[in-house]
There are 2 protein chains.
Amino acid sequence: MSTTTSRTSSDDARRDPAGSVSDACRRVDLGQSLGILLRRWHDAVDLALAGVPHGPRGFQVLGAVVHDEPPTQAALAESLGIDRTVMTYLLDDLVAEGLVERREAAHDRRARRVVATASGRAALRRFEDAVRVAEESVLCGLDDDERELLQRLVRRSAHASPSSPA
Amino acid sequence: MSTTTSRTSSDDARRDPAGSVSDACRRVDLGQSLGILLRRWHDAVDLALAGVPHGPRGFQVLGAVVHDEPPTQAALAESLGIDRTVMTYLLDDLVAEGLVERREAAHDRRARRVVATASGRAALRRFEDAVRVAEESVLCGLDDDERELLQRLVRRSAHASPSSPA
DNA sequence: TATTGTTATACTCTATAACTATA
DNA sequence: TATAGTTATAGAGTATAACAATA
């Protein structure tokens with residue numbers, strides 16, 4: 001972990017010593033920058049989510065259960081783009097932690113309705129606060145307005161699906 | 001892959017049916033949005049990088065070799081935040097593909113200097129063009145100005161290291 | 001026959017440690 | 001002894017297919 005985290009000197013190496021200036025402007029690094037930010041988000045948030053099974057993934061599921069109240073486990077999985085087989089593991093551990101419960105769906109005895117427990121709801125509130133704080137540190141280097149702007153742009157482009165703009 | 005890609009209904013599910021409105025504004029989803037964008041970037045770019053060993057990872061290494069000309073393999077790995085052991089595999093396959101070469105570093109017979117071949121340099125140019133095109137599709141939903149703005153903000157915040165702002 | 005959820009298997013990535021050859 | 005690079009092993013994460021119960 002320590003070797004990977006040492007991204008200190010990367011800023012130096014990125015100065016484009018020999019390359020042409022015009023090329024430097026068109027530098028292809030969107031994916032790289034996104035990757036750096038996401039990794040930093042993980043590093044920051046993993047601490048805030050200590051105790052949540054599967055960390056960010058479990059947190060995401062818990063949040064979807066509470067906020068979106070999907071009718072079935074399958075709907076929950078699909079809404080998050082998580083595979084059903086993965087959802088089984090995630091829920092197993094969230095249930096074991098007492099954060100959510102699996103109940104039978106009223107009208108379909110195959111399906112399960114996933115609901116948060118009282119303690120799960122309370123935990124989610126705490127974790128969301130902690131994550132909000134952690135996220136601030138991810139976007140350091142930007143002032144408040146820029147941070148707000150970046151969040152909006154990222155959110156909007158992420159939710160504008162390329163295949164289904166509807 | 002088809003199950004994971006069906007992120008269509010997520011926009012519907014994200015309308016916050018029961019939650020309070022003020023909470024919806026403070027919704028914690030930076031990491032989620034970044035994850036969606038990065039995954040979309042991968043999907044788009046993987047096609048453009050067909051033929052590059054290890055896809056985006058190998059492309060990143062090739063770009064660093066050409067643009068930054070790091071003195072040693074270790075420096076290359078550290079500048080990209082890639083583990084040395086991983087770098088070995090990546091370079092093995094880039095070498096096998098004839099894109100880069102390992103030469104002995106002049107003054108240290110332990111170290112290797114990684115240089116791009118002529119074909120590697122030419123390939124990089126082609127791949128960078130293809131990636132530039134692919135990246136456009138990732139940020140659909142934003143107009144040109146917003147795209148430019150997002151790229152700048154993402155790049156800047158990614159390169160502003162939280163641990164070493166110097 | 002199709003679908004919900006579970007289980008099992010395999011494949012990729014990554015993390016760690018051990019090894020070599022040089023310094 | 002410490003470092004550059006390699007190799008081997010183990011652990012997450014994910015994708016796929018097969019299965020049981022129900023529709």
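User: In this predicted model, what places B:Ser79 in a helix?

Analyst: B:Ser79 falls within helix α6 of chain B, which runs over residues 73-80.

User: Why is B:Ser79 called buried?

Analyst: Its relative accessibility is 6%. Buried means under 20%, so B:Ser79 counts as buried.

User: What makes the approach of B:Ser79 to B:Leu76 a polar contact?

Analyst: The side chain of B:Ser79 reaches the backbone oxygen of B:Leu76 at 2.9 Å. The cut-off for N or O atoms is 3.5 Å, and the pair lies within that limit.

User: Why is A:Cys140 called partly exposed, and what about B:Cys140?

Analyst: A:Cys140 has a relative accessibility of 21%, and B:Cys140 has 23%. Partly exposed covers values between the 20% and 50% limits, so both cysteines take that label.

User: How many disulfides does the structure hold?

Analyst: A search of the whole structure finds zero over all chains. A disulfide would need a pair of cysteine sulfur atoms within 2.5 Å.

User: How do you know that A:Arg126 lies over the face of A:Phe127?

Analyst: A:Arg126 is at 5.7 Å from the ring centre of A:Phe127, and the distance limit is 6 Å. In chain B, B:Arg126 lies over the face of B:Phe127, also at 5.7 Å from the ring centre.

User: What is the confidence in chain A?

Analyst: The mean pLDDT of chain A is 82, and 81% of its residues reach 70 or more. Over residues 1-25 of chain A, however, the pLDDT is below 50. Where pLDDT is low, predicted coordinates should not be read in detail.

Methods: Residues numbered from 1 in each chain as written. Chains lettered and ligands numbered in written order. Predicted model: local features only at pLDDT ≥ 70, side-chain atom pairs only at ≥ 80, totals over all residues. Heavy atoms only, no water. pLDDT = per-residue confidence, 0-100. Contact = heavy atoms within 4.5 Å. Buried < 20%, exposed > 50% of the residue type's maximum accessible area, 1.4 Å probe, protein only. Helix = DSSP H or I, 4+ residues; strand = E, 2+ residues; numbered from the N terminus. Polar contact = N/O pair within 3.5 Å; in protein donor to acceptor, adjacent residues only side chain to side chain. Lys NZ or Arg CZ within 6 Å of the ring centre and 35° of its normal.
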